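Please look through the chain below before reading on. The text then goes from the whole model to selected parts of it.

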Amino acid sequence: MNHIIWQGRCSVLVYLYPYFFIALCTLALFPIHPLLSAAGFAIMVGFMMDAYTTRYTLTDEEMVVAGGLLGAEPTALALKDITNIYIINDVPWHVFSLGWVLLVLNEEDDIHPCIRCVRKPLKVGALIESAAIKAGAKIKNHEEEQPPSS
């Protein structure tokens with residue numbers, strides 16, 4: 001039985017740069033025809049709904065990524081297959097306590113599963129790491145705790 005450890009969703013700020021681009025295009029197109037501005041606004045709302053509906057669930061055996069409106073069907077990743085975890089906590093998202101958690105299953109692959117724009121990525125990464133180690137993953141750069149010497 002899979003026990004749920006953590007659940008989260010993607011922040012709507014994941015598309016922050018496209019929002020600015022769409023807003024500028026919408027403002028530029030408004031004098032030409034107001035209906036074109038409405039189309040830009042609809043595209044922006046579509047991006048927001050896609051981000052809002054992207055969900056993540058961490059259980060004691062797997063990480064389930066349920067894609068948003070524009071994404072694919074839910075994908076389950078076995079925690080025991082994780083070899084490394086990277087936290088990407090960069091501008092401008094770290095101002096909002098947002099970041100990415102990159103899960104490496106095979107170092108030689110070019111594409112890795114990613115938890116996009118999630119709140120408190122360091123905490124999420126630590127939760128995934130501890131659950132993966134309990135599931136039997138061999139995560140690089142993890143120092144085993146030594147019992148205190150007497």
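The paragraphs that follow treat the overall chain, then one strand and its partners, then two loop residues.

This is a predicted model. The mean pLDDT of the chain is 84, and 91% of the residues reach at least 70. In residues 142–150, however, the pLDDT is below 50, and beyond near neighbours in sequence this stretch makes two contacts in the model.

The chain contains three helices and seven strands. Their order along the sequence is β-α-α-β-β-β-β-β-β-α. The radius of gyration is 19 Å, whereas a compact globule of 150 residues would have one near 15 Å. Along the principal axes, the C-alpha atoms occupy a box of roughly 75 × 30 × 30 Å. Buried residues make up 31% of the 150 residues. The accessible surface is about 9800 Å², and carbon and sulfur atoms contribute 62% of that area. Among contacts with a separation of 6 or more, 50% link residues that are 24 or more positions apart.

Strand β2 is a convenient place to go into detail. How is β2 placed with respect to the rest of the structure? Four of its five residues are buried, so β2 is largely enclosed by the rest of the structure. The strand has pairing partners in β1 and β3. With β1 it runs antiparallel, and five bridges join the two. With β3, residues 62–66, the arrangement is again antiparallel, with four bridges. The connection from β2 to β3 is a hairpin through two residues.

Individual residues show both pairings. On the β3 side, Tyr56 has Val65 as its bridge partner. On the β1 side, Trp6 stands opposite Leu58 of β2. Leu58 counts as buried because its relative accessibility is 0%, which is under the 20% cut-off. Outside its neighbours within four places in sequence, Leu58 is in contact with His3, Ile4, Ile5, Trp6, Met63, Leu79, Leu127, Ile128 and Ala131. Phe20 lies 38 residues from Leu58 along the chain, and the C-alpha atoms of the two are separated by 32 Å.

Next comes the loop that leads into this strand. Thr54 is located between α2 (34–53) and β2 (55–59). Is Thr54 buried or exposed? Its relative accessible area is 4%, and Thr54 is therefore buried, the limit being under 20%. The side chain of Thr54 reaches back to the backbone oxygen of Asp50, at 2.9 Å. With residues up to four places away in sequence left out, Thr54 touches Gly8, Arg9, Cys10, Ala66, Gly67, Gly68 and Arg116.

The second loop residue is Ser11, which sits between β1 (4–9) and α1 (16–29). Which residues does Ser11 contact, leaving aside its neighbours within four places in sequence? They are Ala51, Leu98 and Cys117. Ser11 has a relative accessibility of 13% and so counts as buried.

To recapitulate, β2 is joined to β1 by five bridges and to β3 by four. Thr54, in the loop before β2, is buried, and so is Ser11, in the loop after β1. The low pLDDT over residues 142–150 should be kept in view when reading that part of the model.

Key:
Residues are numbered from 1 along each chain as its sequence is written. This is a predicted model: local features need pLDDT of at least 70, side-chain atom pairs count only at pLDDT 80 or more; totals for chains, interfaces and linings use all residues. Side-chain values use heavy atoms; hydrogens and water are left out. Buried means under 20% relative accessible area, exposed over 50%, partly exposed in between (1.4 Å probe, protein chains only). Contact means heavy atoms within 4.5 Å. A polar contact is a pair of N or O atoms within 3.5 Å; within protein, one must be able to donate a hydrogen and the other to accept it, and residues adjacent in sequence count only if both atoms are side-chain atoms. Two strands pair if DSSP finds at least two bridges between them. The radius of gyration is taken over C-alpha atoms; the globule rule is 2.2 Å times the number of residues to the power 0.38. Accessible areas come from the Shrake-Rupley method with a 1.4 Å probe; for residues, only the protein chains shown count as cover. pLDDT is the predictor's confidence in each residue, from 0 to 100.
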